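This is a short briefing on one protein chain and its metal site. Please view the sequence and the model side by side while reading.

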Amino acid sequence: MTADPIQVIADLFAGDGARDYLGEPVTQASHMLQAAALAQASGAPPPLVAAALLHDVGHFTSVISGHDLMRGTDNRHSAAGADWLAQWFGDEVTEPVRLHVAAKRYLCAVEPGYFAALSPASVYTLGVQGGPMDVAERAEFEAHPQAAAALRLRRWDDAAKDPAASPPAFGYHKPLLRSLLRRPAPGSFHDRGRFSAQ
Ligand code: FE
């Protein structure tokens, strides 16, 4: 029997998520819960609140064991997280996650003062991630349907590092996540079962 996706994710927050968020004064779980709370306070639509909540699951290396997150560029954590989430959620959740590192590189290129406000850890990873975008990369980023959503997510990501914050716990978001789970595609195992009696 397939595990309940919401429980799989809940276990992440309770397990690996309790670890330090490297170089930041909060745990990974607290960081993502803070990002979700900021998204909700901003009136973000449910898929974007979910994206904020889940944006760093790519850092949970024990889950995404097939991806060597520590080798190569840190862009892998956004792509690995988005790919993992795509087994359950649609583009409005997965693509802002995929683009949240690109959004940082974009903002460093276009917004005076953005770089100066980054945390020391985020400045460090910027170099690994490819640095500020060049003109061609910016045009490619801007053309993505989820670029605006990714930029909003990036603001919450940057702000979600407050050691004194006490955001709602993971359980608070379960109904929202459950409402966003994709239905089985037509022709899938579940769908065939529904029609087999005819
Ligand atoms: Fe983050």
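The points below cover the overall make-up of the chain, then the metal site, then one arginine.

The model is predicted, not experimental. The chain has 198 residues and contains 12 helices and zero strands. An iron ion is held by four protein donors, namely His31, His55, Asp56 and Asp157.

**Chain overview**

- Read from the N terminus, the order of elements is α-α-α-α-α-α-α-α-α-α-α-α, in keeping with the count of 12 helices and zero strands.
- Buried residues make up 44% of the 198 in the chain.
- Among contacts with a separation of 6 or more, 69% are between residues 24 or more positions apart.
- The exposed area of the chain is about 10100 Å², and 57% of it comes from carbon and sulfur atoms.

**Iron site**

- The two histidines, His31 and His55, each donate through NE2, while Asp56 and Asp157 each donate through OD.
- These donors lie 2.2 to 2.3 Å from the iron ion.
- Along the sequence, the spacing of the donor residues follows H-x23-H-D-x100-D.
- His31 belongs to helix α2 (residues 28-41), whereas Asp56 sits in the loop between α3 (46-54) and α4 (75-85), so this pair ties together parts that are 25 residues apart in sequence.
- The arrangement of the four donor atoms is irregular because the angles they subtend run from 77 to 170 degrees; a tetrahedral assignment would need all angles between 85 and 135 degrees.
- His31 has a relative accessible area of 1% and Asp56 has 3%; both values fall under the 20% cut-off, so both residues count as buried.

**Arg154**

- Arg154 is part of helix α10, which covers residues 147-159.
- Its relative accessibility is 5%, so Arg154 counts as buried.
- Leaving aside residues up to four places away in sequence, Arg154 touches His100, Val101, Ala103, Lys104, Leu107, Tyr114 and Ser122.
- With His100, the side chain of Arg154 reaches the backbone oxygen at 3.0 Å.
- Pro96 is 58 residues from Arg154 along the chain, and the C-alpha atoms of the two are separated by 8.8 Å.

Note on methods. Residues numbered from 1 in each chain as written. Predicted model: local features only at pLDDT ≥ 70, side-chain atom pairs only at ≥ 80, totals over all residues. Heavy atoms only, no water. Donors = N, O, S within 2.8 Å, 3.2 Å for Na, K, Ca; no water. Tetrahedral: all angles 85-135°; square planar, octahedral: opposite > 155°, others 65-115°. Helix = DSSP H or I, 4+ residues; strand = E, 2+ residues; numbered from the N terminus. Buried < 20%, exposed > 50% of the residue type's maximum accessible area, 1.4 Å probe, protein only. Contact = heavy atoms within 4.5 Å. Areas by Shrake-Rupley, 256 points an atom, 1.4 Å probe, with all protein chains shown as cover. Polar contact = N/O pair within 3.5 Å; in protein donor to acceptor, adjacent residues only side chain to side chain.
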